[in-house]
Amino acid sequence: MARFAALAACAAALLLAVAVGGAAAQGVGSVITQSVYDTMLPNRDNSQCPASGFYTYQAFISAAAAFPSFGTTGSADDVKRELAAFFGQTSHETTGGLQGAADQFEWGYCFKEEINPTSPPYQGRGPIQLTGQSNYQLAGDAIGVDLVSNPDLVAQDVVVSFKTAIWFWTTAQGNKPSCQDVALNRWPPTAADTAAGRVPGYGVITNIINGGFECGMGQNALNDDRIGYYKRYCSILGTDTGSNLDCYTQKNFAS
């Protein structure tokens, strides 16, 4: 009888573990449903967009499944804010919106690569606009694809494309925290960060991604575009934005 009870307890524990794992795996899809995805990105398949037909919902869900902590960590509001922040930043990076237009923040995911190629060919590609040979190397190593020899894959294979963006989002580099840690409010600023005006909030994520061109130079349209997208997505997902949304007065991480 004792042995039977022990086996039953083990079976129950196993079922619970499977259920929890399954819930985590479904986390992103339970928040970003097909309907929500379509509402957030209404023009991604517009014929005016070079990326029309590329950024499918199914590819996003498939890529997200390779990063179990992405969009599944913390409270319901933590999850929503992280996903709003991810789509806010990546929508700016791929935007086809016109500054000041009524629908400025409805044109995310319009582009899948920079218009003007660079040499060597490691220009911005994908939702996060992965840039530079070192990032292609690191991202490729992480997801098991040779992106140094074939960087075009980031603009050709949509699952690979999304994976590079989520890899960048979840990975700390150098003296920069990961975007995910900042979004989930689990980044403790160092004394150097505090002295540089880098405080927890969406603005630090902008600093991580493009601080050298957007931070520490007062209010600017690029910062404002990122913030506009983020606010729209927070509203769609039903959560608050938190504070410190800009990096107007922050020194960039390289300074």
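Is Asn 185 buried or exposed? In this predicted model, Asn 185 has a relative accessible area of 60%, over the 50% cut-off, so Asn 185 counts as exposed. Let's take a friendly tour, from the whole chain down to single residues. The protein chain has 11 helices and 0 strands, and 44% of its 255 residues count as buried.

**The chain as a whole**

- Reading along the sequence, you meet the pattern α-α-α-α-α-α-α-α-α-α-α.
- Take the contacts between residues at least 6 apart in sequence: 64% of them join residues at least 24 apart.

**Where helix α4 meets helix α7**

- Helix α4 covers residues 57–64 and helix α7 covers residues 158–170; their axes are 8 Å apart and the packing angle is about 50 degrees.
- An angle between 35 and 65 degrees falls outside the parallel and perpendicular ranges, and α4 and α7 are therefore oblique to each other.
- The two helices, α4 and α7, make a right-handed crossing.
- On the α4 side, the residues in contact are Ala 59, Phe 60, Ser 62, Ala 63 and Ala 64.
- Their partners in α7 are Val 158, Val 159, Phe 162, Lys 163 and Ile 166.
- Sorted by class, this contact of α4 with α7 has 8 nonpolar residues, 1 polar residue and 1 charged residue.

**Where helix α5 meets helix α11**

- Helix α5 (residues 76–93) packs against α11 at an angle of about 140 degrees, with the axes 8 Å apart.
- Angles have to be over 145 degrees to count as roughly antiparallel, and α5 and α11 are therefore oblique to each other.
- The crossing of α5 with α11 is right-handed.
- Among the α5 residues in this contact are Lys 80, Arg 81, Leu 83, Phe 87, His 92 and Glu 93.
- From α11, the contact includes Leu 222, Asp 225, Arg 226, Tyr 229, Tyr 230 and Tyr 233.
- By class, the contact of α5 with α11 has 10 nonpolar, 4 polar and 5 charged residues.

**Aromatic rings that pair up**

- The count for this model comes to 20 aromatic pairs.
- One of them joins Phe 60 and Phe 162: the ring centres are 5.5 Å apart and the planes sit at 65 degrees, over the 60-degree cut-off, so this pair is edge-to-face.
- Because Phe 60 lies in helix α4 and Phe 162 in helix α7, this pair ties together parts that are 102 residues apart in sequence.
- Phe 60 is buried, at 0% relative accessibility, and Phe 162 is buried with a relative accessible area of 0%.
- Tyr 202 and Tyr 230 form another pair: their ring centres are 4.1 Å apart and their planes are at 5 degrees, under the 30-degree cut-off, so this pair is stacked.
- Tyr 202 belongs to helix α10 (residues 202–214) and Tyr 230 to helix α11 (residues 221–237), so the pair ties together parts 28 residues apart in sequence.
- Tyr 202 is buried, with a relative accessible area of 3%, and Tyr 230 is buried with a value of 3%.
- Tyr 230 also appears among the α11 residues that meet α5.

**A look at Cys 215**

- You can find Cys 215 in the loop between α10 and α11.
- Its relative accessible area is 5%, so Cys 215 counts as buried.
- Leaving aside residues up to four places away in sequence, Cys 215 touches Thr 206, Asn 207, Cys 247, Tyr 248 and Gln 250.
- Cys 215 and Phe 253 are 38 residues apart in sequence, and their C-alpha atoms are 9.5 Å apart in space.

**Backbone details to look up**

- Most residues other than glycine have a negative phi, and most peptide bonds are trans.
- The peptide bond from Ser 119 to Pro 120 is cis, with omega near 0 degrees.
- Pro 120 lies in the loop between α5 and α6 (133–143).
- Asn 185, the residue from the opening question, has a positive phi, near 60 degrees.
- Asn 185 sits in the loop between α8 (179–183) and α9 (191–195).
- Asn 244 has a positive phi too, near 55 degrees, and is found in the segment after α11.
- With 36% relative accessibility, Asn 244 counts as partly exposed.

Note on methods:
Residues numbered from 1 in each chain as written. Predicted model: local features only at pLDDT ≥ 70, side-chain atom pairs only at ≥ 80, totals over all residues. Heavy atoms only, no water. Axes fitted to C-alpha atoms, helices over the stretch in contact; angles between N-to-C directions. Helix = DSSP H or I, 4+ residues; strand = E, 2+ residues; numbered from the N terminus. Parallel < 35°, antiparallel > 145°, perpendicular 65-115°, else oblique. Left-handed = near helix turned anticlockwise from the far one by under 90°. Contact = heavy atoms within 4.5 Å. Nonpolar A, V, L, I, M, F, W, Y, C, P; charged D, E, K, R; others polar. Phe/Tyr/Trp six-rings, centres within 6.5 Å; stacked < 30°, edge-to-face > 60°. Buried < 20%, exposed > 50% of the residue type's maximum accessible area, 1.4 Å probe, protein only.
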